[in-house]
Amino acid sequence: LTGHIFRVMFQPVKHLAERINTTMTSLGLVENEYVSVHVRARYPVKGKLITNEFDKEGGMKFEGPVKDYLSGIMTNAMHCGHLLAPNLKMFFVSDHHETTKYAISNDFEIGNDITVHPIGIARDEEVLHMESKTHQDANPSDYFSVFEDLLIMGGSRCVSHGIGSFGAMGAGLAGNRCRAVHRKYTGESVKCPNDRGTLLPMVILSNETLFGEEPGGEGKVKYKAVEIETMSIPSSDLSVGIFSEGNTVGKKSSFLTMYGKHRVNSSLSSLPRWLQEYAAWTRKVTNPSSNDTSSTKYLVVHCHSGFRCGGLSDRLRALPFYLLVGKLTSRVVCVYWTKPFGLEKFLEPPEGGIEWRCPSDVPKRGPYYHRFHNCNDTPLVPCTESGIKTLRAMEDRFIVIDVERGSDCINDMNMIFQRHSYVDVMPEVSQWQHIELTGHIFR
């Protein structure tokens with residue numbers, strides 16, 4: 001549901017949408033007719049050449065042992081992507097501009113006499129990390145590349161990704177229906193085909209839901225496990241052209257169809273009834289023309305200087321759980337970032353979707369802060385119920401919430417969301433994965 005969650009909440013702002021249009025038109029990319037391959041080149045790997053200093057601030061050189069190491073990673077990643085969809089164009093994405101330029105400027109032999117030549121965006125500068133401290137003079141448009149890469153990945157039919165949650169979010173926006181995981185968390189490549197991208201169905205038990213809600217019932221999503229078959233491998237060269245930023249002569253940008261108000265209704269209908277009702281309620285209580293919005297209460301998802309927020313995907317991965325807490329506490333979930341800029345500089349709510357922008361009087365700090373976490377001595381469900389009861393009793397208009405950092409805790413909270421969203425069986429959530437419903441919520 002990742003793509004549906006996203007599409008109910010977000011669409012790119014005008015200038016970002018125009019940029020994505022131009023890129024996709026120039027590359028000849030059509031939604032659902034290409035496979036994305038993501039390589040997180042700057043991700044720090046213990047014992048390897050790539051260290052923490054490159055992750056947030058960049059500066060890594062694509063040469064020598066670094067080039068040799070990443071070339072092997074890229075080749076395997078492309079092989080995995082090719083096995084998913086051998087007859088589709090391959091869009092290569094990386095957080096390192098030199099890595100991308102190398103990928104889209106060369107032929108790659110991936111075995112069985114097969115050559116691939118991916119397409120991508122030949123940028124002259126590295127993609128900025130949202131946590132960077134050395135780009136204080138940057139403008140919002142300097143961060144457009146992060147959102148451009150993510151949203152284009154979200155239009156793929158299939159996604160091959162490795163470590164980190166950014167590529168996993170791209171796969172989530174595409175529905176998690178066709179994906180391959182080409183690296184271990186330690187950084188080593190994993191040959192494909194493998195089962196690392198397989199989502200195992202899990203039975204929902206009554207003692208795993210909040211406040212005694214029984215599994216099943218009307219208005220919930222019926223999970224259907226999708227089995228991805230490895231396609232036959234043709235011995236053909238799949239080479240296509242290269243696009244450089246600014247090279248749009250003779251190209252006509254098409255309307256961005258992957259996100260926007262025209263996708264809201266279909267995504268809403270794919271979500272559980274409680275979330276559809278919550279979306280309608282948020283529109284009502286945040287509309288000043290029909291209500292006194294001064295009494296509306298909020299759960300604030302914030303990111304400011306002095307807080308460790310993570311990158312774009314890390315910040316949004318717990319969003320499904322926040323929406324469930326908003327429903328259970330009768331509060332609107334709103335996003336208030338100032339680091340590096342407000343999210344509304346890049347994304348906005350689509351017409352008919354969920355209003356997630358905070359009102360102008362939201363405080364930057366507090367007044368009350370609640371962190372959901374895995375309690376040491378208390379089982380997860382009672383611990384989470386205790387936190388929700390605390391929030392229900394609060395009279396403050398604004399309450400800041402978050403989830404303890406770390407994949408396990410965020411996964412546990414999103415599993416709680418899924419137990420309240422699926423009928424009787426749900427897909428597992430593991431490592432950096434975004435839940436299946438996120439794309440619909442996003443839209």
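In this predicted model, Cys 303 and Cys 309 are joined by a disulfide, with 2.1 Å between their sulfur atoms. The torsion about this S-S bond is about 105°, so the link between Cys 303 and Cys 309 is right-handed. Cys 303 has a relative accessibility of 0% and therefore counts as buried. Cys 309 is also classed as buried, because its relative accessibility of 10% falls under the 20% limit.

Cys 309 leads on to the largest pocket of the model. This pocket has a volume of about 1,000 Å³. Its lining is formed by 48 residues, and those closest to the centre are Cys 309, Gly 310, Gly 311, Asp 314 and Arg 405. Helix H10, which spans residues 312–316, supplies the largest share of the lining, with 4 residues. In chemical character, the lining of the largest pocket divides into 21 nonpolar, 13 polar and 14 charged residues. As a general matter, empty space of this kind is found by rolling a probe the size of a water molecule over the atoms.

The pair of Cys 303 and Cys 309 is one of the disulfides in the model, for which the count comes to 4. Another of them joins Cys 158 to Cys 178, with an S to S distance of 2.0 Å. Because the torsion about the S-S bond of Cys 158 and Cys 178 is about 85°, this disulfide is right-handed. Cys 158 lies in strand E8 (residues 158–161), whereas Cys 178 lies in the loop between helix H7 (165–173) and strand E9 (179–181), so the pair ties together parts that are 20 residues apart in sequence. Cys 158 counts as buried at 1% relative accessibility, and Cys 178 is buried with a relative accessible area of 8%.

A further disulfide is formed by Cys 334 and Cys 358, whose sulfur atoms are 2.1 Å apart. The link of Cys 334 and Cys 358 is right-handed, with 90° about the S-S bond. The pair links distant parts of the chain, 24 residues apart: Cys 334 belongs to strand E13 (residues 332–337), and Cys 358 to the loop between strand E14 (347–348) and strand E15 (369–372). Cys 334 and Cys 358 are both buried.

Cys 409, by contrast, takes part in no disulfide. The nearest cysteine sulfur to Cys 409 is that of Cys 383, at 8.6 Å, whereas a disulfide requires two sulfur atoms within 2.5 Å. Cys 409 nevertheless counts as buried, at 4% relative accessibility.

Notes: Residues are numbered from 1 along each chain as its sequence is written. This is a predicted model: local features need pLDDT of at least 70, side-chain atom pairs count only at pLDDT 80 or more; totals for chains, interfaces and linings use all residues. Side-chain values use heavy atoms; hydrogens and water are left out. On a 1 Å grid over the protein atoms alone, a cavity is a set of points where a 1.4 Å probe fits but cannot get out, and a pocket is an open set with protein on both sides within 12 Å along at least five of seven lines; lining residues have an atom within 4 Å of a point. Grid points are joined across faces, edges and corners, and a volume is the space filled by probe spheres set on the points. Helices (H or I, at least four residues) and strands (E, at least two) are DSSP runs, numbered from the N terminus. Ala, Val, Leu, Ile, Met, Phe, Trp, Tyr, Cys and Pro count as nonpolar, Asp, Glu, Lys and Arg as charged, and the others, Gly among them, as polar. Buried means under 20% relative accessible area, exposed over 50%, partly exposed in between (1.4 Å probe, protein chains only).
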